[in-house]
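Colleague: I have a structure open and want to learn how to read its packing. Can you walk me through it?

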Amino acid sequence: MSSIINANSKIIWNFLVSYGFSECGVAGLMGNLYAESGLNPINLENTGNAELGMTDEYYTSCVDNCTYSNFITDGCGYGLAQWTWHTRKRYLYEFVKSFGLSIGDLTGQLKYLVVELKNHYPTVYNTLVTTNSIKEASDIVLTEFECPAD
């Protein structure tokens, strides 16, 4: 697992910096993504693994080959940001599939993340682009993007 985290962390860091995020913005966002998914784009939340009886790999494969049709509405967090809400999962799905990518494609999810932040969370996006504070970046991602129940 640590080799996945190390490889993905470099890709994620470089991708977000190349899209204009400040280094502090990237660090704050990545801290949240690590807490959500371990920086693993095929991560199905643990309760989803248990409820559905599927591994991360099997779930991803079933979504990709259309043998599992409840991806959008199953209420299970998935991917880097643990997209859960049905509208957000639908947009993620439609976005990555429009490029012919797997739902678990790291770059596809990162591109969608940038689009989602720009279009639906502009305050979060602007903070991540301009901030010089990792805490500010982390706090705004947590409270205005992730929005956990507790």
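Modeller: Start with the helices: they are DSSP runs of at least four residues, numbered from the N terminus. This is a predicted model. Take Lys-89, which is found in helix α5, residues 86-98.

Colleague: Is Lys-89 buried or exposed?

Modeller: Buried means under 20% relative accessible area. Lys-89 has 0%, so Lys-89 is buried.

Colleague: Which backbone oxygen lies 2.7 Å from a polar atom of the Lys-89 side chain?

Modeller: That of Cys-76. Cys-76 is also among the contacts of Lys-89 beyond four places in sequence. The others are Tyr-59, Phe-71, Ile-72, Asp-74, Trp-83 and Thr-84.

Colleague: Now the rings. How should I read an aromatic pair?

Modeller: Use the distance of the centres and the angle of the planes. A search of the whole structure finds 11 aromatic pairs. In one of them, Phe-21 and Tyr-125 have ring centres 5.6 Å apart and planes at 85°.

Colleague: Why does the pair of Phe-21 and Tyr-125 count as edge-to-face?

Modeller: Planes over 60 degrees apart count as edge-to-face. The planes here are at 85°, so the pair qualifies. Now place the two rings. Phe-21 lies in the loop between α1 and α2, and Tyr-125 in helix α7, so the pair ties together parts that are 104 residues apart in sequence. Both Phe-21 and Tyr-125 are buried.

Colleague: What about Phe-71 and Tyr-93?

Modeller: Their pair is tilted, with 6.0 Å centre to centre and 40° between the planes. Phe-71 lies in the loop between α4 and α5, Tyr-93 in helix α5, so parts 22 residues apart in sequence are tied together. Phe-71 is buried at 2% relative accessible area. Tyr-93 is partly exposed at 22%. The two belong to one aromatic cluster with Tyr-59, Tyr-68 and Tyr-78.

Colleague: Which rings have a charged end of an Arg over them?

Modeller: Phe-145 is one: the charged end of Arg-88 sits over its ring, 4.6 Å from the centre. Tyr-91 is another, with the charged end of Arg-90 over its ring at 5.1 Å from the centre.

Colleague: Last feature: the nonpolar core. What is the general idea?

Modeller: In soluble globular proteins, nonpolar side chains tend to be buried together. The largest nonpolar core here has 40 residues. Phe-21, Leu-29 and Leu-117 have the most contacts inside this core.

Colleague: Which helix supplies the largest share of this core?

Modeller: α6, with six residues. Helices α1, α2, α4, α5, α6, α7 and α8 each supply at least two.

Colleague: And what is Leu-117 in contact with, beyond four places in sequence?

Modeller: Phe-21, Leu-29, Pro-122, Val-124, Tyr-125, Leu-128 and Phe-145. You have met Phe-21 and Tyr-125 already, as the edge-to-face pair.

Note on methods
Residues are numbered from 1 along each chain as its sequence is written. This is a predicted model: local features need pLDDT of at least 70, side-chain atom pairs count only at pLDDT 80 or more; totals for chains, interfaces and linings use all residues. Side-chain values use heavy atoms; hydrogens and water are left out. Buried means under 20% relative accessible area, exposed over 50%, partly exposed in between (1.4 Å probe, protein chains only). A polar contact is a pair of N or O atoms within 3.5 Å; within protein, one must be able to donate a hydrogen and the other to accept it, and residues adjacent in sequence count only if both atoms are side-chain atoms. Contact means heavy atoms within 4.5 Å. Rings of Phe, Tyr and Trp (its six-membered ring) pair if their centres lie within 6.5 Å; planes under 30 degrees apart count as stacked, over 60 as edge-to-face and the rest as tilted. A charge sits over a ring if NZ of Lys or CZ of Arg is within 6 Å of the ring centre and within 35 degrees of the ring normal. A nonpolar core is a set of buried Ala, Val, Leu, Ile, Met, Phe, Trp, Tyr and Cys residues joined through side-chain atoms within 4.5 Å.
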